[in-house]
Amino acid sequence: MKVTIDELATEFETFQARYLKAHERMVFMQEVMVEGIRKIGVGCIQEESRAEFVALKKEINLILNRMKKICDTLHERNMKPK
């Protein structure tokens, strides 16, 4: 079954929204870590924070990999002779 351009666009938009949410959380956590380093010399002081940071990193990597595959698919379609 061939996926349509509209389906790819919708999937990409869904991943973009997920990426933005994860990225915003990651930026917030990094700001908290920097503040912690400045005040007490430690950034990731709680195991939950460390675990969330690692999970966000994995989530972002998965999202970006899928978005790249979508772009590759679109590129391949455009490069095929008509």
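This report describes the fold, the helices, the nonpolar cores and the salt bridges of a predicted model.

## Overall form

The protein in this predicted model has two helices and zero strands. Along its principal axes, the C-alpha trace spans about 65 × 20 × 15 Å. The radius of gyration is 18 Å, whereas a compact globule of 82 residues would have a value near 12 Å.

Buried residues make up 15% of the 82 residues. The accessible surface comes to about 6700 Å², and carbon and sulfur atoms account for 58% of that area. When contacts between residues at least 6 apart in sequence are considered, 78% of them join residues at least 24 apart.

## The two helices

Helix α1 covers residues 5–40, and helix α2 covers residues 47–79. For α1, a rise of 1.5 Å a residue over 36 residues leads to an expected span of 52 Å, and the end C-alpha atoms are 51 Å apart, which agrees. For α2, with 33 residues, the expected span is 48 Å at 1.5 Å a residue, and the distance between the end C-alpha atoms, 48 Å, agrees with it.

The buried positions of α1 are L8, F15, A22, M26, M29, M33 and G36, and what covers these buried residues includes α2. In α2, the buried residues are L56, I60, I63, M67 and I70, and the buried residues of this helix pack against α1.

## Nonpolar cores

The largest nonpolar core consists of six residues, namely A22, M26, M29, M33, L56 and I60. Both α1 and α2 give two or more residues to this core, with the largest share, four residues, coming from α1. Apart from this core lies another one, of five residues, among them L8, F15, M67 and I70.

One member of the six-residue core, M29, touches S49, E52, F53 and L56, if residues up to four places away in sequence are not counted. Of these contacts, L56 is itself a member of the largest core and is one of the buried residues of α2.

## Surroundings of R25

R25 is found in helix α1 and, at 33% relative accessibility, counts as partly exposed because this value lies between the 20% limit for buried and the 50% limit for exposed residues. Leaving aside residues up to four places away in sequence, R25 touches E52 and L56. The C-alpha atoms of R25 and E52 are separated by 9.6 Å, although the two residues are 27 residues apart along the chain.

E52 and L56 thus appear in the contacts of R25, and both also appear in the contacts of M29.

## Salt bridges

The count of salt bridges comes to five, and three of these pairs are described here. R66 forms a salt bridge with E11, in which the closest N and O atoms are 2.7 Å apart. This pair links distant parts of the chain, with R66 in helix α2 and E11 in helix α1, 55 residues apart. Both partners are partly exposed, R66 having a relative accessible area of 28% and E11 one of 25%.

R18 forms a salt bridge with E59, and here the closest N and O atoms are 2.6 Å apart. Because R18 lies in helix α1 and E59 in helix α2, the pair ties together parts that are 41 residues apart in sequence. R18 counts as partly exposed at 36% relative accessibility, and E59 likewise counts as partly exposed, at 25%.

A further salt bridge joins D72 and K68, with the closest N and O atoms 2.7 Å apart. D72 and K68 are four residues apart in helix α2, so about one helical turn separates them. D72 is partly exposed, with a relative accessible area of 31%.

## Contacts between the helices

Two kinds of link between α1 and α2 can be set side by side. On the nonpolar side, the largest core draws two or more residues from each of α1 and α2, and the buried residues of α2 pack against α1. On the charged side, the salt bridge between R66 and E11 links helix α2 with helix α1, and the pair of R18 and E59 likewise has one partner in α1 and the other in α2.

Key. Residues numbered from 1 in each chain as written. Predicted model: local features only at pLDDT ≥ 70, side-chain atom pairs only at ≥ 80, totals over all residues. Heavy atoms only, no water. Core = buried A, V, L, I, M, F, W, Y, C linked by side-chain atoms within 4.5 Å. Buried < 20%, exposed > 50% of the residue type's maximum accessible area, 1.4 Å probe, protein only. Contact = heavy atoms within 4.5 Å. Salt bridge = Lys/Arg side-chain N within 4 Å of Asp/Glu carboxyl O. Rg over C-alpha atoms; globule rule 2.2 N^0.38 Å. Areas by Shrake-Rupley, 256 points an atom, 1.4 Å probe, with all protein chains shown as cover. Expected span 1.5 Å × (residues − 1).
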